[in-house]
Amino acid sequence: MTRTSPSSATASPAASSRELPELGGLCAIHQPNVFPRLSTLAKLFAADSWIVLDDVQFTRRDYQHRARLAGLDDPSRQQWLTIPTRLPSGRSTLIRDSLIDDAALARRRTEGLLRQHYRNSRHWPALAQALAPVLAAFATERTAAVAETSTRLLLDLLGWRGQILTSSDLPARPGRSQRLADLAAATGARTYLCGTGGMTYLDPAPFEAQDIAVVPFQPPMTGIWSTGRRVSALWALAALGPQAVAARCRAIAASSYGE
């Protein structure tokens, strides 16, 4: 699978039309999640391009401002890490416009919870050092900035070499499935990786019209993957280390999507 150079966290996350790849490859589209679940991270890792879906409605019951942290020695012991978020336009507020409520306090609490859960891991020194850009992103006072940066961090730890684009910077027609198909086409992708939830509502017709195959992403349900749909990937990274988690993600991508 051919990959482009990773995006810089400080650069514009959207590539211009001149920078888009030639036809081919896999695309994943997902909202910015705070320290995403292992299943989400594995889906992004399997793709050549991740489009950050930042211009849809913020949902408090989703993972856009929170993550489940699992206990290092007991993953069944779980606690929510939540970034207090206010919505300037009420329920219609877009993800990109959501604001952190008391960013300085939220940063301290986030850092404290992460240290509390994973400081006893032998991999903690490397994780703690890598967390610096995430904590710095609290200064933006934007929840989406923290969430996207946390996902970038985890992908970087796994050695992902894909490109990151932002939906609000790409042209797309209205309609849920039509919009996703247009966004995928903007990356030059010929395959769209769809989560199991998305497969329940996705209309394949707009993808077929642009010669884009829709492939469900279904990680295993055993071992470290047994909690992968619920808890943050931080647990696996702390318990096994980035190299071991990367190897397992590569194995899924290679066996299922021909990486």
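**Entry 1: the second largest cavity**

I began with the lining of the second largest cavity, which has three nonpolar, five polar and no charged residues. I was working on a predicted model throughout. I then listed the residues around this cavity: His30, Gln31, Asn33, Pro36, Thr40, Leu44, Trp50 and Thr151. The space inside comes to about 30 Å³.

**Entry 2: the largest cavity**

How many cavities of 30 Å³ or more does the structure hold? I found two. The largest has a volume of about 40 Å³. I noted its lining as Leu114, Tyr118, Trp124, Leu127, Leu131 and Leu234. By class I got six nonpolar, no polar and no charged residues. I also looked up which helices take part. Helix α2 (103-118) and helix α3 (124-130) each give at least two residues to this lining.

**Entry 3: the largest pocket**

Next I turned to the open space. The largest pocket has a volume of about 820 Å³. It is lined by 26 residues, and those closest to its centre are His30, Gln31, Gly197, Gly198 and Tyr201. I recognised His30 and Gln31 from the lining of the second largest cavity. I sorted the pocket lining by class and got ten nonpolar, ten polar and six charged residues. Which elements each supply at least two residues of this lining? I wrote down β1 (26-30), α1 (38-46), α6 (176-186) and β8 (191-194).

**Entry 4: helix α1**

I stayed with α1, since it had come up at the pocket. Is this helix enclosed or open? I checked burial, with under 20% relative accessible area as the cut-off. Nine of the nine residues of α1 are buried, so the helix is largely enclosed by the rest of the structure. I listed them as Leu38, Ser39, Thr40, Leu41, Ala42, Lys43, Leu44, Phe45 and Ala46. Lys43 is on that buried list too. Thr40 and Leu44 also line the second largest cavity.

**Entry 5: strands β2 and β7**

Trp50 had appeared at the second largest cavity, and I followed it into the strands. Trp50 stands opposite Ile164 in β7. Strand β2 (residues 49-52) pairs with β7 in the parallel sense, over four bridges. I then checked the two faces of β7 (residues 163-166). In a regular strand the side chains alternate between the two faces of the sheet. On one side of β7 I have Gln163 and Leu165, and on the other Ile164 and Thr166. These residues are all buried, and both faces of the strand are covered.

**Entry 6: Val146**

I picked one residue in helix α5 (residues 143-157), namely Val146. Is Val146 buried or exposed? Its relative accessibility is 1%, so Val146 counts as buried. I looked up its contacts, leaving aside neighbours within four places in sequence. Val146 is in contact with Ile83, Ile100, Val134, Ala137 and Phe138. I also checked Val146 against Pro32, 114 residues away along the chain. Their C-alpha atoms are separated by 8.6 Å.

**Entry 7: the whole chain**

I closed with the totals. The protein chain has nine helices and nine strands. Of its 259 residues, 51% are buried. Among contacts with a separation of 6 or more, 71% join residues 24 or more positions apart. I put the accessible surface at about 11,900 Å², with 48% of it belonging to carbon and sulfur atoms.

Terms used: Residues are numbered from 1 along each chain as its sequence is written. This is a predicted model: local features need pLDDT of at least 70, side-chain atom pairs count only at pLDDT 80 or more; totals for chains, interfaces and linings use all residues. Side-chain values use heavy atoms; hydrogens and water are left out. On a 1 Å grid over the protein atoms alone, a cavity is a set of points where a 1.4 Å probe fits but cannot get out, and a pocket is an open set with protein on both sides within 12 Å along at least five of seven lines; lining residues have an atom within 4 Å of a point. Grid points are joined across faces, edges and corners, and a volume is the space filled by probe spheres set on the points. Ala, Val, Leu, Ile, Met, Phe, Trp, Tyr, Cys and Pro count as nonpolar, Asp, Glu, Lys and Arg as charged, and the others, Gly among them, as polar. Buried means under 20% relative accessible area, exposed over 50%, partly exposed in between (1.4 Å probe, protein chains only). Contact means heavy atoms within 4.5 Å. Accessible areas come from the Shrake-Rupley method with a 1.4 Å probe; for residues, only the protein chains shown count as cover. Two strands pair if DSSP finds at least two bridges between them.
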